[in-house]
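I opened the notebook to look up a few points in this structure. The entries follow in the order I checked them.

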Amino acid sequence: MSGVQDSLEIKFRLIDGSDIGPKSFPAAASVSTLKESIISQWPKDKENAPRTVKDLKIISAGKILENNKTVGECRSALCDVPGGITTMHVIVSQPPQEKEKKATNKLKQSKCACVIL
């Protein structure tokens, strides 16, 4: 029984419904370590691949997990099913697209001026 408490089987559900995992993680592993694992296992055919750990958010039991927390600290009572697999949801936050940046710059540049005759 102690092995169940020392590690956790986790699979990561992506926004399109596909999964990464399941994979076993020790309870002492940080959320940042989970994110690094997700990045290394990210499907190559997906366009919205995260570049860094900061691009990812992991949601478990309705809460966004903080990078400095461990898997053991984030574990909820729902996750303590012996032999069960915990599903965590993954959200990728992408930086603003170049188009959006250009549109913002155009708005800043177009200033009207009044001429009094």
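Are Phe12 and Phe25 buried or exposed? I looked both up in what is a predicted model, and both Phe12 and Phe25 are buried.

**Entry: aromatic rings**

I searched for aromatic pairs and the count came to one. The pair is Phe12 with Phe25, set edge-to-face, with 6.0 Å centre to centre and 70° between the planes. Phe12 belongs to strand β1 and Phe25 to strand β2, so this pair ties together parts 13 residues apart in sequence.

**Entry: the sheet**

I then traced the strands. Five of them form an open sheet with mixed pairing, in the order β2-β1-β5-β3-β4. At the edges stand β2 and β4 (63–64), each with a single partner strand, so one side of each has no neighbour in the sheet.

I went through the pairings one by one. β1 and β2 are antiparallel and share six bridges. In this pairing I noted that Arg13 stands opposite Asp19 in β2. I also checked what covers the sheet: α2 packs on it and touches β1, β2, β3 and β5, with its direction at about 115° to that of β3.

β1 and β5 run parallel and are joined by five bridges. Here Arg13 has His89 of β5 opposite it. β3 and β5 run antiparallel, with four bridges between them. Ile58 has Val90 as its bridge partner in β5.

I looked along β5 for a pattern in the side chains and found that they alternate. Thr86, Met88, Val90 and Val92 point to one face and are buried. Ile85, Thr87, His89 and Ile91 point to the other face and are not buried.

**Entry: nonpolar core**

Which residues have the most contacts inside the largest nonpolar core? I listed Ile10, Phe12, Leu34, Ile38, Trp42 and Ile58, in a core of 19 residues. The elements that each supply at least two residues of this core are β1, β2, α2, β3, α3 (71–74) and β5 (85–92).

I took Ile38 as an example and left out its neighbours within four places in sequence. Ile38 is then in contact with Phe12, Ile20, Leu56, Ile58 and Val90. Several names recur here: Phe12 is a member of the aromatic pair, and Val90 is the bridge partner of Ile58.

**Entry: salt bridges**

How many salt bridges does a search of the whole structure find? I found three.

Asp19 takes part in a salt bridge with Lys11, at 3.6 Å from N to O. Asp19 also meets Arg13 in a salt bridge, at 2.4 Å from N to O. I therefore recorded Lys11, Arg13 and Asp19 as linked in a network of salt bridges. Arg13 and Asp19 are also the residues I had noted opposite each other in the β1 and β2 pairing.

I checked how accessible the three residues are. Asp19 is partly exposed, at a relative accessible area of 34%. Lys11 is partly exposed at 22%. Arg13 counts as partly exposed at 26% relative accessibility.

The remaining entry is the salt bridge between the side chains of Asp16 and Lys46, at 2.4 Å from N to O. Asp16 lies in the loop between β1 (7–13) and β2 (19–26), and Lys46 in the loop between α2 and β3 (56–60), so this pair ties together parts that are 30 residues apart in sequence. Asp16 counts as partly exposed at 46% relative accessibility. Lys46 counts as partly exposed at 22%.

**Entry: Ser32**

Last I looked up a polar residue, Ser32, which is found in helix α2 (residues 31–41). Is Ser32 buried or exposed? Ser32 has a relative accessible area of 19%, and the cut-off for buried is under 20%, so I entered Ser32 as buried.

What is Ser32 in contact with, leaving aside its neighbours within four places in sequence? I found Val53 and Asn67. I also took the separation of the C-alpha atoms of Ser32 and Thr70, which is 8.6 Å. Ser32 and Thr70 are 38 residues apart along the chain.

Terms used: Residues numbered from 1 in each chain as written. Predicted model: local features only at pLDDT ≥ 70, side-chain atom pairs only at ≥ 80, totals over all residues. Heavy atoms only, no water. Buried < 20%, exposed > 50% of the residue type's maximum accessible area, 1.4 Å probe, protein only. Contact = heavy atoms within 4.5 Å. Salt bridge = Lys/Arg side-chain N within 4 Å of Asp/Glu carboxyl O. Core = buried A, V, L, I, M, F, W, Y, C linked by side-chain atoms within 4.5 Å. Pairing = 2+ DSSP bridges. Phe/Tyr/Trp six-rings, centres within 6.5 Å; stacked < 30°, edge-to-face > 60°. Axes fitted to C-alpha atoms, helices over the stretch in contact; angles between N-to-C directions.
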